[in-house]
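Trainee: Please take me through a close look at a single part of this model, the packing of its interior, and state the cut-off behind each term as you use it.

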Amino acid sequence: MIGAKVSLGRPLDGVDHQTLSLGVLRAAQHLEGAIRQVLMTPSKAGRTGALARSWRARSSGALSAEVASNSIYAHIQDEGGRITPKTGKMLAVPAHGGIAVGKWPRHWGKGQLHRVGSTLRSGKGAGVLQYYLVKSVTLPARHYTDAAIAQAQDEMAEIMQGLTVVKGDSNGGR
């Protein structure tokens, strides 16, 4: 799991714990939105949005909250790295313009794909190129969490600075 922690080092004078907890959670929710925005901007063909939707903010203590993703590829998309097959000998990398977004070789019916050299193709003969077969793929680091934190930092600080307690009853102290 990859994530970021939003915390308040010490309680603010005159602000109750419930207000602080809600404020920290609101700041974490703002960071969640910033991460999603960074991931989807600029949107590229082939992105499904699954990684952006995997990020969630949640309270993790009285004065802290976290924004995390349980997506298995969130960390490698952020930090970069080498991907090798867990099963089989090759990875199937989608060819541009060949397939519907999110469709992988296992989604095709039996006999719909055939191998031609280091590619998988649909149709008869040479067919339509759908996937390249490779032994590994190296993804560059995108550092989208760092970019989102930098983008959200000022607004998160404003959220936390805006926490106040007004003494009085619910109708304005009258």
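Mentor: Contact, or touching, means that heavy atoms lie within 4.5 Å of each other. The model is predicted, so to speak of local features a pLDDT of at least 70 is needed, and side-chain atom pairs count only at pLDDT 80 or more, while totals for chains, interfaces and linings use all residues. Residues are numbered from 1 along each chain as its sequence is written, and side-chain values use heavy atoms, with hydrogens and water left out.

With that in place, Leu31 touches Ala4, Val6, Val67, Ala148, Ile149, Ala152 and Met156, leaving aside residues up to four places away in sequence. Two further terms are needed to place Leu31: buried means under 20% relative accessible area, exposed over 50%, and partly exposed in between, with a 1.4 Å probe and protein chains only; a nonpolar core is a set of buried Ala, Val, Leu, Ile, Met, Phe, Trp, Tyr and Cys residues joined through side-chain atoms within 4.5 Å. The largest nonpolar core has 28 residues, and those with the most contacts inside it are Val6, Leu31, Ile35, Leu39, Trp55, Val67 and Tyr144. At least two residues of this core come from each of strand 1, helix 1, helix 2, strand 2, strand 3 (64–69) and helix 4, where helices (H or I, at least four residues) and strands (E, at least two) are DSSP runs numbered from the N terminus. Helix 1 gives the most to this core, with 9 residues. A second, separate core of 5 residues includes Trp108, Leu120, Tyr131 and Leu133.

Helix 4 deserves a closer look. Helix 4 covers residues 144–161, has 18 residues, and reaches 26 Å from its first C-alpha to its last, close to the 26 Å expected at 1.5 Å a residue, the expected span being 1.5 Å times one less than the number of residues. Helix 4 nevertheless bends by about 45 degrees at Gln153, the bend being the angle between axes fitted to the seven residues ending there and the seven starting there. Its buried residues are Tyr144, Thr145, Ala148, Ala152, Met156, Ile159 and Met160, and they pack against strand 1 (2–7), helix 1 (17–40), helix 2 (50–53), strand 2 (55–61) and helix 3 (74–79).

Polar pairs complete the picture. A salt bridge is a side-chain nitrogen of Lys or Arg within 4 Å of a carboxyl oxygen of Asp or Glu, and by this rule the count comes to 2. In one of them the side chains of Glu32 and Arg36 meet at 3.3 Å, N to O; both residues lie in helix 1, 4 residues apart, about one turn of the helix. An α-helix has 3.6 residues a turn, so residues three or four places apart point the same way. Glu32 is buried, with a relative accessible area of 15%, whereas Arg36 counts as partly exposed at 25%. The side chains of Arg58 and Glu66 also meet in a salt bridge (2.4 Å, N to O), with Arg58 partly exposed at 46% relative accessibility and Glu66 partly exposed at 21%.
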